[in-house]
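Got the viewer open? Let's take a walk through this chain, one selection at a time.

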Amino acid sequence: MGHQTYLATDGGLGIKDDASTFHPGLEARPIQAIAAGKDGTLWEGRNGDTLVHLDPASGRRREWVMAPMSSIQPQPDGTVWVSTGRGLYRVEDHEGAPSQPALSSPADLSITDMAVDSDGTVWLTGNGCLWRRRPDGTRSEEHTSELQS
């Protein structure tokens, strides 16, 4: 089998192959976030609150119930960061469940975007705030009004 592109759609996970054929959703559940790991596995944040880890080569699949997800960021060391409405979660062992929140957010604050820089610092945004979680676990929070002054 040649090159495949995975697409997150309202109808589930779609696959586009070398022949430019689109194979619609493998499951009819909308995907909110998707990312590929360096090992070729896929991470999906399903509509609602399900994190799915899928190995297309073997068909192996693991699922965890979490919170609605906005972003998934696999890292070169195998760690996977997942941002949710309840905070930032870390999956270090693909066999184990995601950690308790590495960075919690108040109930009225929803994480909307995430980026991880080259030193492993995780940056999060949501509801007018910018959070930073450093690799050593220390964190900071800035409010948009302060950043604009």
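Start with the contacts across the whole chain: among those between residues at least 6 apart in sequence, 23% join residues at least 24 apart. Keep in mind as you go that this is a predicted model.

Now switch to a cartoon view. The protein chain has 15 strands and one helix. Colour by burial and you'll find that buried residues make up 34% of the 149 residues. Turn on the surface next: the chain exposes about 8,100 Å², and carbon and sulfur atoms supply 48% of that.

**Stop one: β8, β9 and β10**

Select residues 80–84, which is strand β9. Five of its five residues are buried, so this strand is mostly covered. Which residues sit on each side of β9? Val80, Val82 and Thr84 are on one side, Trp81 and Ser83 are on the other, and all of them are buried. In general, side chains in a regular strand alternate between the two faces of the sheet.

Add residues 69–74 to the selection to bring in strand β8. β8 and β9 run antiparallel, joined by five bridges. One pair to pick out is Gln73 with its bridge partner in β9, Trp81. Follow the chain around the turn of this hairpin, where five residues lie between the strands. Click on Gly78 in that turn: its phi is positive, at about 95 degrees.

Then look at the other partner, strand β10, at residues 87–91. β9 and β10 also pair in the antiparallel sense, over five bridges. Here the bridge partner of Val80 is Val91 in β10. The hairpin that joins β9 to β10 goes through two residues.

While you're in β10, zoom in on Arg90, which belongs to this strand. Is Arg90 buried or partly exposed? Arg90 has a relative accessible area of 21%, so it counts as partly exposed; the cut-off for buried is under 20%. Show its neighbours too: leaving out residues up to four places away in sequence, Arg90 touches Thr79, Val80, Trp81, Pro98, Ser99 and Arg133. If you draw a distance from the C-alpha atom of Arg90 to that of Gln73, you should get 9.7 Å, with the two residues 17 apart along the chain.

**Stop two: β12, β13 and β14**

Move along to residues 113–116 and 122–126, strands β12 and β13. They run antiparallel, with four bridges joining them. Val116 stands opposite Val122 in β13, and Ala115 has Trp123 as its bridge partner in β13. The two strands form a hairpin with five residues between them. In the turn, select Gly120 and check its phi, which is positive at about 90 degrees.

Now turn on the side chains of β13. Which ones are buried? Val122, Leu124 and Gly126 point to one face and are buried, while Trp123 and Thr125 point to the other and are not.

Extend the selection to residues 129–133, strand β14. β13 and β14 pair in the antiparallel sense over five bridges, and Gly126 stands opposite Cys129 in β14. This hairpin has two residues between its strands. One residue to click here is Asn127, with a positive phi near 45 degrees.

**Stop three: the largest pocket**

If your viewer can show pockets, go to the largest one, with about 210 Å³ of space. Of the 15 residues that line it, the closest to its centre are Gln75, Asp77, Thr79, Trp81 and Gly120. You have already met two of those names: Trp81 is in the β9 selection, and Gly120 is in the turn between β12 and β13. What is the lining made of, by class? It has seven charged, four polar and four nonpolar residues.

**Last stop: Val65**

Finish with residues 61–65, strand β7, where you'll find Val65. Is Val65 buried or exposed? Its relative accessibility is 66%, so Val65 counts as exposed. Draw one more distance, from the C-alpha atom of Val65 to that of Leu51: the two are separated by 6.3 Å and lie 14 residues apart along the chain.

Technical notes
Residues numbered from 1 in each chain as written. Predicted model: local features only at pLDDT ≥ 70, side-chain atom pairs only at ≥ 80, totals over all residues. Heavy atoms only, no water. Buried < 20%, exposed > 50% of the residue type's maximum accessible area, 1.4 Å probe, protein only. Contact = heavy atoms within 4.5 Å. Areas by Shrake-Rupley, 256 points an atom, 1.4 Å probe, with all protein chains shown as cover. 1 Å grid on protein atoms, 1.4 Å probe; cavity = no way out; pocket = protein on both sides within 12 Å on 5 of 7 lines; lining within 4 Å. Points joined across faces, edges and corners; volume = space filled by probe spheres on them. Nonpolar A, V, L, I, M, F, W, Y, C, P; charged D, E, K, R; others polar. Pairing = 2+ DSSP bridges.
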